[in-house]
Amino acid sequence: MRTLVKLELTRSLRNKKFLFFSVLYPAMLFLLIAGSADATTEVGDSGLGLPAFMMVSMASFGALTAVLMGNSERIAKERQSGWVRQLRLTSLPGRGYVLAKTASAAVVSLPSIVVVFVVAAVVKDVRLDAWQWLALTGAIWAGSLCFAALGVAVGYLASGDAVRPVTMILYFGLSMLGGLWMPTATFPGWLQGIADWTPTHAYAALGRTIELGDAPHAGDVALLAAYFVVFAAGAAWLYRKDTLKA
Amino acid sequence: MTTTVSFERVTKAYGEVRAVDGLTLDLYPGETVALLGPNGAGKSSTLDLLLGLRRPDSGTVSVFGTSPREAITAGRVGAMLQSGGLMDEVTVRELVGLACDLHPRPYRVDDVLAHAGITQLADRKVDKLSGGQQQRVRFALATAGANDLVVLDEPTTGMDVTARQAFWATMREQADQGRAVLFATHYLEEADAIADRVLVLHRGRLLADGTAAEIKAKAGARKISFDLEELRGGDPGLERRLRELPFLATATVSVSGSAAGSGHTVRLQSTDADATVHALYGLGVYPRNLEVAGLGLEQAFVAITAAEEAKAA
């Protein structure tokens, strides 16, 4: 099991494209958006400067990229190639594969979070208390598990050519709608109503409340937890279905 | 005697098609068994059921007295699938290392690589290998630990003749160590050359079960060939008498090049070679280079299958 996680990690680290998109791309996007803004430009009524606001957005976005893309495409591809079947002829328990995939995606998502933080602190002078940095890292990392489960579900739901478009639609849709790229305050009213219920919105809100020096709101945590349960249950159901027919 | 694998009236259908149809069979320790049949005979489905990759619609499959999944988890069964994908972006050594790590009774990685004949490929990326080389990697994955049974689904697909021979040499080593080996094949000469026991599968049912020799005997005919000096230059009367020999399986006796005067070889098939040869001497001729041989397994197989289809029609 540990060897499998290690091997999955090695593969992720060897995959330059994946590494670029999940680790460097969010930090670059952060610089692009927050580059010209100074800390006093406040974002809507959030009480946060643009750099601080976008830092959480991009850290969340980076973690989302790593776990969602990392899981869905690979699982779908490996189901198709027959590698999943081959693994089922080993003593690895069925869910071991999913756990290994998720664990290795989570290991890649951690640096993507940290890189955004470092860039924000060094280039844009974002200053927070030590506990806030730690809490932010922990909350964003833990919250990404919700999307890891979604990635597993998509990997078992879609196959072949369908998986990339499905992942992309979910990925961009959730990122934009949840306000990871721009504040949802700029949305028209009806869209804001929808955005408030997306998992990505709750996800980004976790970080922003920590930045303001508060504990995350129970409502956001509950919404994210509810999505996690739904995604994980869906993934488990699809996984079992696939196991029986594979 | 305890069985390694036991199927009891196992049926598996995909829609209308019965891939496995009431199959009952027992395999025993130390046997090298060939599962023989044309494409679509149900070989892969049978192995999928044996390995727990699919569940039977009815009947029971047990492996070492437990469920297939339990037997695999206990590390008693190693398997090589026809369509088994491999992890990409990793080296052969890393992948084989993973298989060893996951096995409850693993061998050393270097030994596994050496046995599969892929030591020199160890540092190559798996996705950069040829089809035949990937087959050897799959074989290494199937033999990463001390299994009691190795299952191989058409293992030599995609290998050239040399690789195929090398592969079976490796496989025999495994069998010599006392492992039971079960392999599916439609290369009939492989079943003939390697297996102690041949199971002929046709339309999901067991058509024949025995040694390669028994399978051939079941098909009955043996081929007889000899040279006849007396035929040199042609002798229609003698040719007619040859055609009237007893127990001929084929209606025609082929006499090669009798008119040209140089060739005078007679080939015929008989269902009772002893009686036919006895009658041949009774003709007062002197056959030279007499050969009596069993039909190849391929022909035997064609005969059994044809008989079965005639019965079904």
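Me: Which residues of α1(B) are buried?
Reply: This is a predicted model, so take what follows as read from a prediction. Helix α1 of chain B covers residues 43-50 and is mostly covered, with eight of its eight residues buried. To count as buried, a residue needs 20 or more other C-beta atoms within 10 Å of its own. The names are Lys43(B), Ser44(B), Ser45(B), Thr46(B), Leu47(B), Asp48(B), Leu49(B) and Leu50(B).

Me: And what follows α1(B), with a positive phi?
Reply: Look just past the helix for a phi near 75°. The residue with that positive phi is Gly52(B).

Me: Zooming out, what share of chain B is buried?
Reply: Chain B comes to 11 helices and 13 strands. Its C-alpha atoms fill a box of roughly 75 × 45 × 35 Å along the principal axes. Out of 313 residues, the buried share is 41%.

Me: How far apart are the C-alpha centres of domain 1 and domain 2 of chain B?
Reply: The chain is divided into domain 1, residues 5-217, and domain 2, residues 221-294. Going from one C-alpha centre to the other, the separation is 44 Å.

Me: Which helix gives the largest share of the side of chain B that touches chain A?
Reply: The contact takes 24 residues from chain B and 20 from chain A. On the chain B side, α2 (68-73) and α3 (92-102) each supply at least two residues. The largest share is six residues, and these come from α3(B).

Me: How many nonpolar residues does that side of chain B have?
Reply: Sort the chain B side by class and you get seven polar and four charged residues. The nonpolar count is 13.

Me: Over in chain A, are α3(A) and α5(A) roughly parallel or roughly antiparallel?
Reply: Helix α3 spans residues 50-81 and helix α5 spans residues 94-123, and their axes come within 9 Å. They cross at roughly 160°, and an angle over 145 degrees counts as roughly antiparallel. The crossing is right-handed. The two helices are therefore roughly antiparallel.

Me: How many nonpolar residues are in the contact of α3(A) with α5(A)?
Reply: From α3(A) the contact includes Met55(A), Ala59(A), Gly62(A) and Ala66(A), and from α5(A) it includes Ala105(A), Ser109(A), Ile113(A) and Phe117(A). By class, six residues are polar and two are charged. The nonpolar residues number 15.

Me: What about α1(A) and α5(A): roughly parallel or oblique?
Reply: Helix α1 of chain A, residues 2-14, has an axis that comes within 9 Å of the α5(A) axis. The crossing angle is roughly 45°, and only angles under 35 degrees count as roughly parallel. This crossing is right-handed. The pair is therefore oblique.

Me: Which residues of α1(A) make the contact with α5(A)?
Reply: On the α5(A) side you'll find Gly96(A), Ala100(A) and Val107(A), among others. By class the contact has seven nonpolar, three polar and two charged residues. The α1(A) side is Leu4(A), Val5(A), Glu8(A), Leu9(A) and Ser12(A).

Me: Is Asp125(A) buried or exposed?
Reply: This residue sits in the loop between α5 and α6 (130-157) of chain A. Its phi is positive, about 55°, although it is not a glycine. It has 12 other C-beta atoms within 10 Å, and 12 or fewer is the cut-off. Asp125(A) is therefore exposed.

Me: And Asn289(B), buried or exposed?
Reply: Asn289(B) lies in strand β13, residues 287-294 of chain B. It isn't glycine, yet its phi is positive, near 50°. With 9 C-beta neighbours inside 10 Å, it counts as exposed.

Definitions and conventions
Residues numbered from 1 in each chain as written. Chains lettered and ligands numbered in written order. Predicted model: local features only at pLDDT ≥ 70, side-chain atom pairs only at ≥ 80, totals over all residues. Helix = DSSP H or I, 4+ residues; strand = E, 2+ residues; numbered from the N terminus. Contact = placed C-beta atoms within 7 Å. Nonpolar A, V, L, I, M, F, W, Y, C, P; charged D, E, K, R; others polar. Domains from an automatic or database assignment. Axes fitted to C-alpha atoms, helices over the stretch in contact; angles between N-to-C directions. Parallel < 35°, antiparallel > 145°, perpendicular 65-115°, else oblique. Left-handed = near helix turned anticlockwise from the far one by under 90°.
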